[in-house]
Amino acid sequence: GNVYSFETKARYHPLKSWVSQAQGPNGFASRWAYEGIAASATSRAPRDVGGETLKVQFEIVDSRPPAWAPPMTASEDKKLTRGPYNVTVKLVGVGVDAMNAGERPIIGITDSYTKPGTYTIEIPCPRTRTTATVLLQMSDEHRLHFEDEFSVSFHVHFYRVLKWLVALPFTFMATAVLAILSPTGHGLELPIMGSRGGGRHAPGELPP
């Protein structure tokens with residue numbers, strides 16, 4: 001088939017993307033500057049992740065007009081009916097063997113938020129070399145579903161750390177030896193072995 005690439009002057013944002021004709025369960029619901037969830041630029045940057053956990057920062061967007069529920073009694077105030085926002089962040093494309101954390105590893109975290117804003121969730125990382133897709137899912141009070149995703153790799157470039165562990169000791173040792181044997185103001189004095197008088201002589205000076 002053919003692949004077409006188009007460029008516009010508009011700045012990229014995950015909520016502007018339209019990855020399919022129907023946006024999942026929402027059909028043709030608009031997301032940009034209206035409602036949705038999007039990972040931050042720092043979190044979705046292509047990189048290799050090491051360690052035990054991955055921090056995912058995301059933003060919940062809801063620019064809908066406020067909706068208020070009438071009070072049940074005269075003493076109660078009206079309540080805002082927007083929210084809660086149920087968010088799930090999980091890894092997709094990672095098997096049990098890759099997680100290497102038992103027969104039932106944790107591959108995601110679910111939490112609920114009462115208002116839009118920027119939040120951070122930590123999810124467990126696989127313990128082996130692999131790649132995965134980080135999927136963010138959000139549903140509002142009407143069960144409207146929104147998604148965002150990005151790809152990262154885990155422990156793929158761990159050998160870079162081993163390279164420095166091998167190179168740094170040798171570098172420090174070579175630097176120390178050069179510092180000890182560095183020439184002084186009178187030139188470098190080297191011992192001459194096997195001479196009758198022994199001792200040390202400057203370069204170019206014959207032993208007695």
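1. Helices (H or I, at least four residues) and strands (E, at least two) are taken here as DSSP runs, numbered from the N terminus. With that in mind, arginine 143 can be placed in the loop between strand E9 (130–139) and strand E10 (145–154). Please keep in view throughout that this is a predicted model.

2. Arginine 143 deserves a second look for its backbone, since its phi is near 65 degrees, a positive value in a residue other than glycine. Its relative accessibility is 64%, and because exposed means over 50%, arginine 143 counts as exposed. The two strands that flank this loop are also partners, for E9 and E10 pair in the antiparallel sense over 10 bridges. One of the pairings joins methionine 138 to phenylalanine 146, its bridge partner in E10.

3. The sheet to which E9 and E10 belong is an open one of 5 strands, with the order E2-E10-E9-E6-E7 and mixed pairing. At its edges stand strand E2 (48–49) and strand E7 (108–113), and because each has a single partner strand, one side of each is left without a neighbour in the sheet. As general background, strands of a sheet pair through backbone hydrogen bonds, either parallel or antiparallel.

4. Another open sheet is made of 3 strands in the order E1-E3-E8, and here the pairing is antiparallel. Strand E1 (35–39) and strand E8 (117–124) take the edge positions, where each has a single partner strand and is therefore left with one side lacking a neighbour in the sheet. From one strand to the next, the twist averages 25 degrees.

5. How is strand E1 covered, given its place at the edge of the sheet? Of its 5 residues, 5 are buried, so that the strand is mostly covered under the cut-off of under 20% relative accessible area. Both faces take part, with Glu35, Ile37 and Ala39 buried on one side and Gly36 and Ala38 buried on the other. E1 pairs with strand E3 (residues 53–62) in the antiparallel sense over 5 bridges. Among them, glycine 36 has valine 61 of E3 as its bridge partner, while alanine 39 has phenylalanine 58 of E3.

6. Just ahead of this strand, alanine 33 sits in the segment before E1. Its phi is near 60 degrees, which is again a positive value in a residue other than glycine. Alanine 33 has 48% relative accessibility and therefore counts as partly exposed, whereas the other non-glycine residue with positive phi discussed above, arginine 143, counts as exposed at 64%.

7. Phenylalanine 58, already met as the partner of alanine 39, also belongs to the aromatic part of the model, where the count comes to 3 aromatic pairs. Its ring and that of tyrosine 119 have centres 6.2 Å apart and planes at 40 degrees, so this pair is tilted. The pair links distant parts of the chain, as phenylalanine 58 lies in strand E3 and tyrosine 119 in strand E8, 61 residues apart. Tyrosine 119 also pairs with tyrosine 113, at 4.2 Å centre to centre and with 35 degrees between the planes, and this pair is likewise tilted. Taken together, ring pairs link Phe58, Tyr113 and Tyr119 into a cluster.

8. Are phenylalanine 58 and tyrosine 113 buried or exposed? Phenylalanine 58 has a relative accessible area of 1% and is buried, and tyrosine 113 is buried too, with a relative accessible area of 9%.

9. A loop that may be easy to pass over is the one between strand E6 (85–92) and helix H1 (96–99), which holds glycine 95. At 38% relative accessibility, glycine 95 counts as partly exposed. Its C-alpha atom and that of threonine 130 are separated by 9.8 Å, although the two residues are 35 apart along the chain.

10. The last point concerns the surface, where Met173, Val177, Ile180 and Leu181 form a nonpolar patch with about 440 Å² of accessible area together. Of these, isoleucine 180 lies in helix H2 (residues 159–180). Because its relative accessibility is 69%, isoleucine 180 counts as exposed.

Technical notes:
Residues are numbered from 1 along each chain as its sequence is written. This is a predicted model: local features need pLDDT of at least 70, side-chain atom pairs count only at pLDDT 80 or more; totals for chains, interfaces and linings use all residues. Side-chain values use heavy atoms; hydrogens and water are left out. Patches are made of residues with over 30% relative accessible area and no salt bridge: like charges are joined within 9 Å, nonpolar side chains (Val, Leu, Ile, Met, Phe, Trp, Tyr) within 5 Å. Accessible areas come from the Shrake-Rupley method with a 1.4 Å probe; for residues, only the protein chains shown count as cover. A salt bridge is a side-chain nitrogen of Lys or Arg within 4 Å of a carboxyl oxygen of Asp or Glu. Buried means under 20% relative accessible area, exposed over 50%, partly exposed in between (1.4 Å probe, protein chains only). Two strands pair if DSSP finds at least two bridges between them. Axes are lines fitted to C-alpha atoms, for helices over the stretch in contact, and angles run from 0 to 180 degrees between N-to-C directions. Rings of Phe, Tyr and Trp (its six-membered ring) pair if their centres lie within 6.5 Å; planes under 30 degrees apart count as stacked, over 60 as edge-to-face and the rest as tilted.
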